[in-house]
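Reader: I should like to go through this entry by asking about burial, packing and charge pairing in turn. Please give the reasoning behind each answer.

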Amino acid sequence: MMIRNSPTRVRVGAISAVAALALGLSACGSESDSSAATTSDPDEVTGDITLLTPIFEGTEGQKLLEDELLPQFYEEYPNVSVSVDYTTYGNLNEKLTTAAVSGAVPDVMLMGVGWIEGFADRGLIADLSELGLTEEKLLESYTPAIVDAGTWNDGVYAVPIMLDTRFGVARMDLLEEAGYDSPPQNWDELVEMSKALTVRDSDGTLERAGFDMLSLDSRQAFETMLFSAGGDLFNEDDTAPTFNEDPGVDALQLMSDLINVHEVEEIGFSSPDAAVNPLLNGRAAMGIAHNNLWTQGLEAAPEVLDDLEPFVIQGEGEGMFFGGTLATRSATSQSPEAAQAFLEFLASPGPALAANEQRGNVPALSELLDSEYVQSNGFVQFAMENLDVAKREGGPAEWLEVRGDFAPAVEATLLDQMSAEDSLNDLAGLVQTAIDR
């Protein structure tokens, strides 16, 4: 890799049913949950616990968990047994809702960044600091933004296992052909270079996008640009949206201008479902990409990996987005110490590294930067080296209820149907209504 000096619509659905049921379930949970302290003797930790996981999917993932990781855990905790319920992120919310309604909430649940606040607010997951996993302890191993993703109302409700990131990527072979020796350093350069790198045939048909934004979920593309504008999704106490303020409007306007004014990409030229990312086959010179583009490149176009250069998109701020998977403990677990021991095991260096390597994701633990896996994956390495500037989505407990409204609002502007200001103001009204309910 060339390193230069450069800087879904998913609704909660029946979660309202969870709200009432989870609080009731919390009242009948194990009394030891709120008073126990993690024992120093693993032999004294006992219990039959369940794990609900959207990772470790497929034959290889299941083999990793059941044949390698669980035996390691049992060696340390011989009096604990774990039953695994495999699911996908697409079905995870339905699984959690059904579990809450039935009263059979899994002891350990893996869920995404932005999910924690809603389930903590509804009493479904436990404060891990009650058994010793404090914010101070986590800050010894993770960046503050990553720790923040698992906290709510001064409690620690999740520990991170893996991250997935979005940032700028440039095809340096194409940039160098056009006379550029580094990715854009600011928005003005981004526009200039995107225009220069766009290629159309004699009939005006787009052959190469100067800057691809359409291969990524439109919500996440907007958030990445919002962060590069120096903006945030919500205010500091998550009581009101701020994405419709000037930085957000500027970010969405830039995205719209790149398509509708500068014509560096066209609606329909690419999509998140594209068989091959256009950065790999040369149909795009630059773009916003997921860190798994490196893994895709290994499989589809290993010859271009040396030409792919990641970069943080620079505006008034620094544009890098992160999501990820975090481990939580049920607030109603009858074996809270066993559940917490297991989730801490999953987040520990060896298991976390194995899980990330199996999926091609970014380890959350800072110490894993020096691992062979990270050092051999250019995009994962870049992501870990820049996590201090990365920002996440989510914030208020209502995030899962409203995040599906972002894509239509963004796309209305990209389709030149509404102004950036009107789209974001309408969206902010919907979000504020959800927060105030």
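Reader: Is Leu216 buried or exposed, and what is its relative accessible area?

Author: This is a predicted model, in which local features need pLDDT of at least 70 and side-chain atom pairs count only at pLDDT 80 or more, while totals for chains, interfaces and linings use all residues. Residues are numbered from 1 along each chain as its sequence is written, and side-chain values use heavy atoms, with hydrogens and water left out. Buried means under 20% relative accessible area, exposed over 50%, and partly exposed in between (1.4 Å probe, protein chains only). Leu216 is therefore buried, its relative accessible area being 9%.

Reader: Which residue is 56 places from Leu216 in sequence and 5.1 Å from it in space?

Author: Leu216 belongs to the loop between strand 8 (206–208) and helix 9 (218–228), where helices (H or I, at least four residues) and strands (E, at least two) are DSSP runs numbered from the N terminus. With neighbours within four places in sequence set aside, its contacts (heavy atoms within 4.5 Å) are Arg166, Ala221, Pro272 and Ile288. The partner that is 56 residues away in sequence and 5.1 Å away C-alpha to C-alpha is Pro272.

Reader: What is the relative accessible area of Ser228?

Author: Ser228 lies in helix 9. Leaving aside neighbours within four places in sequence, Ser228 is in contact with Trp187, Ile313, Gln314, Gly315, Glu316, Gly317, Glu318 and Gly319. Ser228 is buried, and its relative accessible area is 0%.

Reader: How wide is the arc that the buried residues of helix 12 cover around the axis?

Author: Within helix 12 (residues 293–300), the buried residues are Leu293, Trp294 and Gly297. They lie on the same side of helix 12, because the arc they cover around the axis (taken from the directions from the helix axis to the C-beta atoms) is only 100 degrees.

Reader: Against which elements do the buried residues of helix 12 pack?

Author: The packing partners include two strands, strand 6 (159–171) and strand 9 (286–290). The buried residues of helix 12 also pack against helix 11 (278–281), helix 15 (372–376) and helix 16 (378–385).

Reader: Which helix gives the largest share of the largest nonpolar core?

Author: A nonpolar core is a set of buried Ala, Val, Leu, Ile, Met, Phe, Trp, Tyr and Cys residues joined through side-chain atoms within 4.5 Å. The largest one has 88 residues, and Met111, Tyr142 and Phe342 touch the most other members. Its largest share, 7 residues, comes from helix 13 (residues 336–346).

Reader: From which domains does this core draw at least three residues each?

Author: Domain bounds come from an automatic or database domain assignment, and that assignment divides the protein into domain 1 (7–164 + 323–392) and domain 2 (165–322 + 395–436). The largest core, with its 88 residues, takes at least three residues from each of domain 1 and domain 2.

Reader: How much area do domain 1 and domain 2 bury between them?

Author: The centres of the two domains, taken over C-alpha atoms, are 30 Å apart. Contacts join 36 residues of domain 1 to 35 residues of domain 2. Buried area is the accessible area (1.4 Å probe) that two parts lose on being put together, summed over both. With 59% of it on carbon and sulfur atoms, the area buried between domain 1 and domain 2 is about 3200 Å².

Reader: How far apart in sequence are the parts that Arg122 and Glu401 tie together?

Author: A salt bridge is a side-chain nitrogen of Lys or Arg within 4 Å of a carboxyl oxygen of Asp or Glu, and the whole structure holds 14 of them. Arg122 forms one with Glu401, the closest N and O atoms being 3.0 Å apart. Arg122 is in the loop between helix 4 (116–121) and helix 5 (135–138) and Glu401 is in helix 17 (residues 399–402), so the separation of the parts in sequence is 279 residues.

Reader: How many residues separate Asp232 from Lys391?

Author: The side chains of Asp232 and Lys391 form a salt bridge at 2.9 Å, N to O. Asp232 is in the loop between helix 9 and helix 10 (246–260) and Lys391 in strand 15 (residues 391–392), a separation of 159 residues.

Reader: Which residues are linked with Glu393 and Arg403 in a network of salt bridges?

Author: Glu393 and Arg403 pair with their closest N and O atoms 3.9 Å apart. Glu393 is buried at 4% relative accessibility, and Arg403 is buried at 10%. The other members of the network are Asp217, Arg219 and Glu223.
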